[in-house]
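Hello, and welcome to this short briefing. Please have the sequence and the structure open as you read.

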Amino acid sequence: MGIFDMLKGQLIDVIEWVDPTRNTIVHKYDMNGKEIMMGAQLTVREGQVAIFVNEGQIADIFESGRYELQTSNMPIMTALKAWKFGFNSPFKSDVYFVNVKQFLDCKWGTQNPVMMRDTEFGVIRLRAFGSYAFRVADPKALLLECFGTAKTYTVEDIEGQIKRTVVSSLSDAIAESKIPALDIAANYDELGNYVKASVNPKLAELGVQLTAFVIENVSLPEEVEKAMDRRTSMGVVGDLGKYTQYQAAEALRESANNPGGAAGAGIGMGAGVAMGQLFTQAFTGQQPAAAPAAAPQAAAGFCSACGQPLTAGAKFCPNCGAKQNAAPACPACGNPVGADAKFCPNCGQKL
């Protein structure tokens, strides 16, 4: 091997990177102790950006395309190296490839419940989860603020910061929107757009931006969900007017479903009839009719022997059997009155 071949083996003439993963954001090109040859071929694929760093200072940035490295297309590097008149010496520099494609289906969720004040339920706790997508908007800012000197930088390295920023903005969005807890599900898109617009200015300092933000679910506390289920059940039955009627119907249904032989069958039949009456009253808006009070029967007279009341036309007392010459009775209250009385001494009825 000649000295020229040996020197040529220490130079890099092709620079490119094919991403074998789906989550690598930044990849540092492995120089393997070699120097880049002036005139080397640089290939930057779609969705990538190549950044040259000279002695810790960011120099030239190349978008997607194929380049032949010369002083004409490396103005910053030329100034740093003080190359003049097209001096084509090799140079040593770090090359970073940055993925600027979208990173999809990243998950987020609230580790702790979000407190909010609801107009209907008061202070409640909410949990939420969903997904988001992001991309590198400013490769230079990302390299300066996040990447450092590591060989690779992945989605896992930055998603923690994005999740915390997202959850904080979502809490503010729910609180400021004053949307009732029962109506949040109908406003997922509006809340998602609000969060995306709120988060992007904060992430711009890191060189990234959200391209999509999706709220998949906002869950209420268990006790609130149970109250909602009860209200839904009442709504299916109809407007009962009073919640006690609904509870009575539920109790009757449980009794009807309780197995117990003939007794259980009788209870079930009675429960079915009672439940039918409750539902009829609920749908018609009627209140249960009170049973008419039994009208007191006025006695036609009283036994002259034992004083027990007698029915009209009785010739003998049903209590003592004595033959009757019935004493007169008040037609209003049924109490005995004297034969010559003009008014009842008990109720004042005129006789």
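What follows is a tour of a sheet, the helices beside it and one threonine.

Please keep in mind that this is a predicted model. Its sheet is open and has 5 strands, in the order E5-E4-E7-E2-E11. Two helices, H3 and H4, pack on this sheet.

**The sheet**
- Pairing in the sheet is antiparallel.
- Strand E5 (57-62) and strand E11 (152-154) are the edge strands; each has a single partner strand, so one side of each is left without a neighbour in the sheet.
- From one strand to the next, the twist averages 20 degrees.
- Strand E2, residues 24-28, pairs with E11 in the antiparallel sense over 3 bridges.
- Thr24 sits opposite Thr154, a residue in E11.

**Helices on the sheet**
- Helix H3 (residues 139-147) touches E2, strand E4 (48-54), E5, strand E7 (94-99) and E11. The direction of H3 makes about 60 degrees with that of E4.
- Helix H4 (residues 155-177) touches E2 and E11, and the direction of H4 makes about 45 degrees with that of E11.

**A closer look at Thr165**
- Thr165 is part of helix H4.
- Is Thr165 buried or exposed? Its relative accessibility is 10%, and buried means under 20%, so Thr165 counts as buried.
- A polar atom of the Thr165 side chain lies 2.9 Å from the backbone oxygen of Gln161.
- If neighbours within four places in sequence are left aside, Thr165 is in contact with Val199, Lys202 and Leu203.

Methods: Residues are numbered from 1 along each chain as its sequence is written. This is a predicted model: local features need pLDDT of at least 70, side-chain atom pairs count only at pLDDT 80 or more; totals for chains, interfaces and linings use all residues. Side-chain values use heavy atoms; hydrogens and water are left out. Two strands pair if DSSP finds at least two bridges between them. Helices (H or I, at least four residues) and strands (E, at least two) are DSSP runs, numbered from the N terminus. Axes are lines fitted to C-alpha atoms, for helices over the stretch in contact, and angles run from 0 to 180 degrees between N-to-C directions. Contact means heavy atoms within 4.5 Å. Buried means under 20% relative accessible area, exposed over 50%, partly exposed in between (1.4 Å probe, protein chains only). A polar contact is a pair of N or O atoms within 3.5 Å; within protein, one must be able to donate a hydrogen and the other to accept it, and residues adjacent in sequence count only if both atoms are side-chain atoms.
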